[in-house]
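Open the model in your viewer and keep the sequence panel beside it. The stops below say what to select next and what is there.

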Amino acid sequence: MFIKKQQKMETVIGAETFIKGEITSNSSIKIDGTVEGIIKADWISVGDSGKITGNITCRGIIVGGNVNGTINASEIITITHKGSVTGEIFTVKISIEEGGKFEGKSCIQLSSLFPDEK
C-alpha cells in the first residue's frame, strides 16, 4: 500500500464511528468513519466510506472517500477513482486516478515539505 518502510496499520476508525476533535498518531491510521477536526499522523488511508472535514498533516495519504480541508503531505497524496478532495493540498507528489475528484488549490513542492525528515 505504501513504501516498504511503512509500518502496519495501527489505528482503525470504523464506519459507524464519529470523532470530533484532534487526532495525533506517530503511526498509520485507517479511517472508514467520520472525523471532524485536525489529524496528524504518519500515513493515512481514507476508505470508501471515510469522511474527513478538517486539516491533515502526514507523510502520505490515500483518499478513497471524502476529504474537505487542507492536506499537507511530505511525500505523496493519492486520490483513488472513488476519492474526492475539496480544499488545498501541499505535497511533493500527487496521484489522481481516473474518476478521482479534486477541487481547490494545489502546491507541488520540489522537495519534502518537512526538511528535517529523512
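Two strands pair if DSSP finds at least two bridges between them. The model is predicted, and the tour begins with its strands.

**Stop 1: strand 9 and strand 7**

Select residues 71–79, which make up strand 9. Then add residues 56–63, which are strand 7. These two strands run parallel and are joined by seven bridges. For one of the partnerships, select Cys58 and look across to Ala73 in strand 9, its bridge partner. Is Cys58 buried or exposed? Cys58 counts as buried because its relative accessibility is 3%, and the cut-off for buried is under 20%.

**Stop 2: the other partners of strand 9**

Keep strand 9 selected and add strand 10, residues 84–91. Strand 9 and strand 10 are parallel, with two bridges between them. Ile71 has Ile89 of strand 10 as its bridge partner. Next add residues 94–96, strand 11. Strand 11 pairs with strand 9 through three bridges, again in the parallel sense. Here the bridge partner of Ile79 is Ile96.

**Stop 3: the loop at Thr80**

Select Thr80, in the loop between strand 9 and strand 10. Thr80 has a relative accessibility of 14%, so it counts as buried. Which residues does Thr80 contact, leaving aside its neighbours within four places in sequence? They are Ile62, Val63, Gly64, Glu97 and Gly100.

**Stop 4: the core**

Now select Ile39, Ile44, Ile56, Ile61 and Ile71 together. These are the residues with the most contacts inside the largest nonpolar core, which has 21 residues. Two or more core residues come from each of strand 3 (28–31), strand 4 (34–40), strand 5 (43–46), strand 7, strand 9 and strand 10. In soluble globular proteins, nonpolar side chains tend to be buried together.

**Stop 5: Cys107**

Move to Cys107, which lies in strand 12, residues 101–108. With 27% relative accessibility, Cys107 counts as partly exposed. Beyond residues up to four places away in sequence, Cys107 touches Ile89, Phe90 and Thr91. How far apart in space are Cys107 and Thr91, C-alpha to C-alpha? The distance is 6.6 Å, while in sequence the two are 16 residues apart.

**Last stop: the cysteines**

A disulfide is a covalent bond between the sulfur atoms of two cysteines. How many disulfides does a search of the whole structure find? The search finds zero.

Methods:
Residues numbered from 1 in each chain as written. Predicted model: local features only at pLDDT ≥ 70, side-chain atom pairs only at ≥ 80, totals over all residues. Heavy atoms only, no water. Helix = DSSP H or I, 4+ residues; strand = E, 2+ residues; numbered from the N terminus. Buried < 20%, exposed > 50% of the residue type's maximum accessible area, 1.4 Å probe, protein only. Contact = heavy atoms within 4.5 Å. Core = buried A, V, L, I, M, F, W, Y, C linked by side-chain atoms within 4.5 Å. Disulfide = S-S within 2.5 Å.
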